[in-house]
Every structure is written in C-alpha cells, then in structure tokens.
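Here are my notes on this one, jotted down as numbered points. Have the structure open while you read.

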There are 2 protein chains.
Amino acid sequence: MNTPEITVKDIASKLRISPSTVSRALNGHEDVSPETKDKVMEMARQLNYSPNHAARSLRTHRTRTLGLVVPEISKHFFSNVLSGIQEYASSLNYSIVISQSLESFSMEQNHLQQLVSARADGILISLSNETNHGEHLRKLLDRDIPIVMFDRVLEDLPVSKVVVDDQKASFQAVEYLIKTGCKRIAFIGGLTGLYVSKEREAGYRQALTMHGLPIDEELIIHCNNLNRSPREEVTKLLQRTNKLDAIFCLNDPIAIEVMQVVKEWNLKIPEDISLIGFTNEPTSYYIEPSLTTVSQPAYEMGKTAVSLLIEQLENPKTFQPSTVVLGTRFIIRNTTRKLL
Amino acid sequence: MNTPEITVKDIASKLRISPSTVSRALNGHEDVSPETKDKVMEMARQLNYSPNHAARSLRTHRTRTLGLVVPEISKHFFSNVLSGIQEYASSLNYSIVISQSLESFSMEQNHLQQLVSARADGILISLSNETNHGEHLRKLLDRDIPIVMFDRVLEDLPVSKVVVDDQKASFQAVEYLIKTGCKRIAFIGGLTGLYVSKEREAGYRQALTMHGLPIDEELIIHCNNLNRSPREEVTKLLQRTNKLDAIFCLNDPIAIEVMQVVKEWNLKIPEDISLIGFTNEPTSYYIEPSLTTVSQPAYEMGKTAVSLLIEQLENPKTFQPSTVVLGTRFIIRNTTRKLL
DNA sequence: CTGAAAGCGCTAACAG
DNA sequence: CTGTTAGCGCTTTCAG
C-alpha cells in the first residue's frame, strides 16, 4: 500500500550518478551530457517519479502558485474570468489557488494572509464591495509579492490593472437612450464605494450633461444589497415620478429585477420605459424582451491579468505597473427603442 | 525592499528559547506552558510571522491542499459546486487548487499528474465527457491519494461519491409529462458515454414503460456537441414526426435551444409541445415561457464532496467509501401543462 | 560534464 | 515543560 516517495536520490542511485546531476537533467540544464539526460528521463518515467513541489519551493523560494481572490466565484462574470486565468496559467505550468471574499473586507484580508503563508508567487484580486482602501494590499507589496488587480480595482496602488472603460461604455449606453428619444433617465447603482458603480454613474452623468439634459438627483439611486433591494427602490421610484423614459442599471441582475417590477406596473418595454443593463449575462439574451446591455470580456480579462502577473514574475527587473483597458461591446437588443 | 523571511528561529532567538518550543506553541501543542505560548504568539504577531507552508509540508507530508478537476469552471453548475467546495474547505483551513479538463481525457490526466506532483492531500473530481474508464484514477489510489468524485462519477471505483438520483428525478419528470396527457415524448441526451446521460435516459425509459407507453427509438436522440447540435437534431425530429407531445432534455441549455426551434416552428409551448430541462440554470426561470426543470443542489454537492474528502483525510483508519445521494427538486413552471 | 556538501524552514523523536 | 538533533527532497555553490 504505502508507496514510498520516489526521489531524485532513488533515480541517482539506480543510475549510479549523483543527485545533483539528476536534478540538472530533470530541469533541462545545459551542462549535462545528452546520454545522461536521456537515461535520467527514462528512469524517471520508469519509476513514475513526480517532483516534490514543497521541497523545490523551499529551495528556490518560488511556488509556481498564484493566489486568486474574488468576491464570489459562482457569479457568471467571475467564473468566466477564472476560466481565463486557469487556462492561461496552466499552460505556463502555474497553479491557481482560489478564495472568495464574499464581499467582506475581513475575509479578503484573511485570505490574502493565507496566500502569503502559502507563499503564492503573486496575487490576482478583484476587490470586495466593502473594500475602500488598499492597506492590506500594501503590506503584500512590502513583502515584494506582486499583485494584479482586475475589474474592481483601486486606482492609487502601484500595481498592474485590467479594467474596461466603464465610464465610456456607460456614456455610450446612456447616449443611445437619449438618441432614441429618452429624456428622463434613471440610474440604479450599487454601493457608492464601488469603483465600477462610480465609473458607470460618471458615464451616465456625462452623457446627460453632454446632451444638455438636466441631472435630477432623485433619479440616481444606490442600493446596497443588504437593506435596499432594486425591487424596492424601483417601486419607490415609480411611485415618485410618473415621467420616466428609461432606466440604466449598474448590471444585468439589477436590470432583470427592475424589468419584473416594470412589467408588474403594466408599463411597456421599451415603449414606455427603456432598460439597459451591464455585463451581458446569458439570461439577458433569453429574457423577454431581451436586454440591451454592455458585454464585458471576462475570459479575456482573466487571461490578461495572469499574463501581466507572470510577465512581472519572470522579469522583475524591467517591470513597470501598467493598466490594460479592455474593450466593451454595446449590445442592442429589445429593451431599448430603435434609433430613428 | 527585500524583506528577509521571518522564521521560527527568529522568534526563538528573540525570546531566547528553542525553535522546537516555538513550533509547538504555534501549533497549539499541549505540553507548552501558557506563558511561553503567549509570548510566542505575541512575538509572532509583532514580527508579522507567517509560517512557510512548503517547509511544513516537507516535514509533515501533508500540504493541506486539495486538488479539484472539473470539466469547465465557467459552467453555472460547476462554479456553484466550486463555491461550496471553496467555502467549506477554507473554513477548515484547506486550500483548493483548481483545474479544468475542458472535456478532454488527456487534459484530465495531465492535471491529475500535476496535482500529484503538487502533493495535494486529496482530489475532488467530476469527469470529462471523454473519460470512460478510471485507470488514471486508480494510479492515484495506488499512491494512497484519496479521491472523491461528484456528479459525473464512475461506478466501479472504490472511492466516495456524491451524486443525485438522476434516474429517479428523470422518472419523476417524465411521469409528470405523462400525467399531464403527453404520450409521444422524445428524449434529447448528450454523449452516450456520459453517466448522467445514461441515468437520465434510463429514468425516461422506465417512466414510459411503467405507464404502458411504447418506447420509440426514433424519439431518443444523442447529440455530442461536436457535430450534432440540439438545434439540428430537433429540427430533424420535427420534420420526421408530426405527432410529438413533449421533449425531455438532458439539461437546461439543450432545453433552451430546443425551445427556440419549437418557437420557430410556431408550435405553442406547452399546448402543442411540453418541455422539461435539467439543472435549473438561472436563465430557465427568466426565459419565456419559464422552463420546467429539475434543480440540482450544486453548492451542497460541493460541500458534501469536500467534507467526505476531509473526513477521509483526517480519519484514514476508519474510512469506508460511501456514496451520498443528494435530493433533487422538480420545479414545475410554464413549459408543461397543468395537472388535471 | 559531474560529485560532495550544505541548507531552505519546519517538526518530531529523544532526552532531559 | 523544554532543548538538541536530525532530516523531509530538492537545488546550488564549489570544486574537480
């Protein structure tokens, strides 16, 4: 039963050479004769040798492990990012250790600490809702652990970032609403602290202003998921105003919830009220009417984030933090009116 | 910049005690005086000590890391399983390293090998479509690496498993169709090799038989995603038969594709054709008409799978492989007719 | 091109 | 209750 571990020593003694030579052969060093190398490789295969990562890490101070912290893995967007991360990392022989902050700052901190202890070579992170500063991340930077942030980033941290131009995309979306004849346009956002919420609100404001429309603070709503649900907020909004042409939502789940309320009020979409979401969840395509939204390149974002991180790990000398802005796609479906 | 690593030795020398005592204190051993323990803890905090996992693993032959292999992380079902796994594992201080087989047997093999090399304490796996035997898993068992399989399992492997009773759930679904007056019921499955596909087909056949309905092999269709899409298959089916009362689909994505075709043929759902899916994806709730389906407890499945694995890791003596069958929930929505 | 020797940081006997 | 010693499996000087 208890198979003893095969080590470089075993290979060495079978071949009557030294462990160091075995190690060199296994790691493809130059200064090893081709025959020796072949013999070592062959013997390793025969013995079903599998290098011990822990021992190697202890020596080299590198684990080839990357830590990932996201708010919630089961969210469509994040699981797609993760998919991109995993595929790319594994193609370069890096492992990914995952953790979820569940939108809690303290969990985010704990997991980060855990990853430090596991000696992850680098960290990929998308911040929790609650996180409004980067002290915990600074501590890692002080320990020389590279970090790459994506989607939910903190601007004033000297690390690489991958984002989409939320403001521009929102501007474009709201501008489209205006061009299709909407004047009274509401914005339903999330926590005010959240980067994407701020950015998207800014794009909304900018579009109104650029088109000479007044900004009515009554139409700008922030719901944190705790005690102010989109459902309630929209209901209140509809009670408050009878003149409303459109609602621009922070994301698709909110838009979908809003859509239900609007339907219950027997308002026609898009004739009475237009609706736009953000993220392009699969449901948005199938829902009736199908939701106009902004698609974010989740998979590509993941891939870009790891590639940035690995680039930094492998060339620490030449590293300079950079911010990659990925393109979004505005997807016009049936919750918005046609352009004239 | 380059912060040197803080070790037990550092704590020891500051406190003028031995490293072993520090180690014992840190690991909560009994035989250490309370005062010493407190001092050690305090000093560890002060120095911002963080234990080196690699070194510990090298000594203890345990990594507190669990390897996960799933077909595709970005699929709703698997990302929810993963979420359950991650949360439970992290609550017990285990880390999860993820990998995706992308439905390829050879990738599954490679990732498993990688996890062996990383000395994962145990493996959680849901098989790829292509996998039809367990030789690669047997090799791990020979190395005494515990495995727990979930959802897509192999029956003849002596490991713990977590599944739902696919056959029973399908039986129930098809029986419901029959009770609502459907007689000619088609089944659209996936690859024939896939465990769930077989089980669900069996449930389908059983329901027909039990209710004295003939089994028409023409109505049983298997599409692998490669060259036979559900869309094509259903189109062919509709061309072939004009008498069709219902279609029972292997999963929701197939059902949703089928629904589109049925709509294009101007057939009314559920009046002309009833439809049932499996898995309960979020889209199924929002699609029009909303899809009758079977909900699988993904999160719970993940949680159960890790808990079985950790149980086995921590009590290897008393371990006996067990199979946990989780309950499904039949969700009646609007693609099926009402019971009389 | 190869070998000997040392040590990464930690824990587990063993001995007191 | 605590210290001493050894060694997990690997890589890396250094010396041939």
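1. Let's start with the salt bridges between the two protein chains. Bear in mind that this is a predicted model. Between chain B and chain A the count comes to 2 salt bridges. In a salt bridge with an N to O distance of 2.9 Å, the side chain of A:Glu5 meets that of B:Arg119.

2. Which parts of chain B make up the side that touches chain A? At least two residues each come from helix H4 (53-60), helix H5 (76-91), strand E2 (95-100), helix H6 (105-117), helix H11 (252-264) and helix H12 (282-286) of chain B. H5(B) gives the most, with 7 residues. Sorted by class, this side of chain B has 18 nonpolar, 24 polar and 8 charged residues.

3. Now the interface as a whole. Here 50 residues of chain B are in contact with 50 residues of chain A. The two chains bury about 4200 Å² between them, and carbon and sulfur atoms account for 47% of that. As for polar contacts, the rule finds 23 residue pairs across the interface of chain B and chain A, with both residues at pLDDT 80 or more.

4. On to the DNA. Which residues come nearest to DNA strand D? There are 26 residues around the strand, and the nearest are A:Val8, A:Tyr49, A:Arg59, B:Ser20 and B:Arg59. By class, the surface near DNA strand D has 7 nonpolar, 12 polar and 7 charged residues.

5. Does the protein meet sugar and phosphate, or bases? Taking the atoms of DNA strand D within 4 Å of the protein, 58% are sugar or phosphate atoms and the rest belong to bases. There are individual examples of both phosphate and base partners. A:Arg56 has a polar side-chain atom 2.8 Å from a phosphate oxygen of DNA strand D, and B:Thr36 likewise places a polar side-chain atom 2.8 Å from a phosphate oxygen of that strand. For B:Ser20, the partner of the polar side-chain atom is a base oxygen of DNA strand D, 3.0 Å away.

6. Which elements give two or more residues to the surface near DNA strand D? They are helix H2 (19-26) and helix H4 (53-60) of chain A, together with helix H2 (19-26) and H4 of chain B. H4(A) has the largest share, 4 residues. Note that H4 of chain B turns up here and also on the side of chain B that touches chain A.

Methods: Residues numbered from 1 in each chain as written. Chains lettered and ligands numbered in written order. Predicted model: local features only at pLDDT ≥ 70, side-chain atom pairs only at ≥ 80, totals over all residues. Heavy atoms only, no water. Contact = heavy atoms within 4.5 Å. Buried area = accessible area lost by both parts, 1.4 Å probe. Salt bridge = Lys/Arg side-chain N within 4 Å of Asp/Glu carboxyl O. Polar contact = N/O pair within 3.5 Å; in protein donor to acceptor, adjacent residues only side chain to side chain. Nonpolar A, V, L, I, M, F, W, Y, C, P; charged D, E, K, R; others polar. Near = heavy atom within 4 Å.
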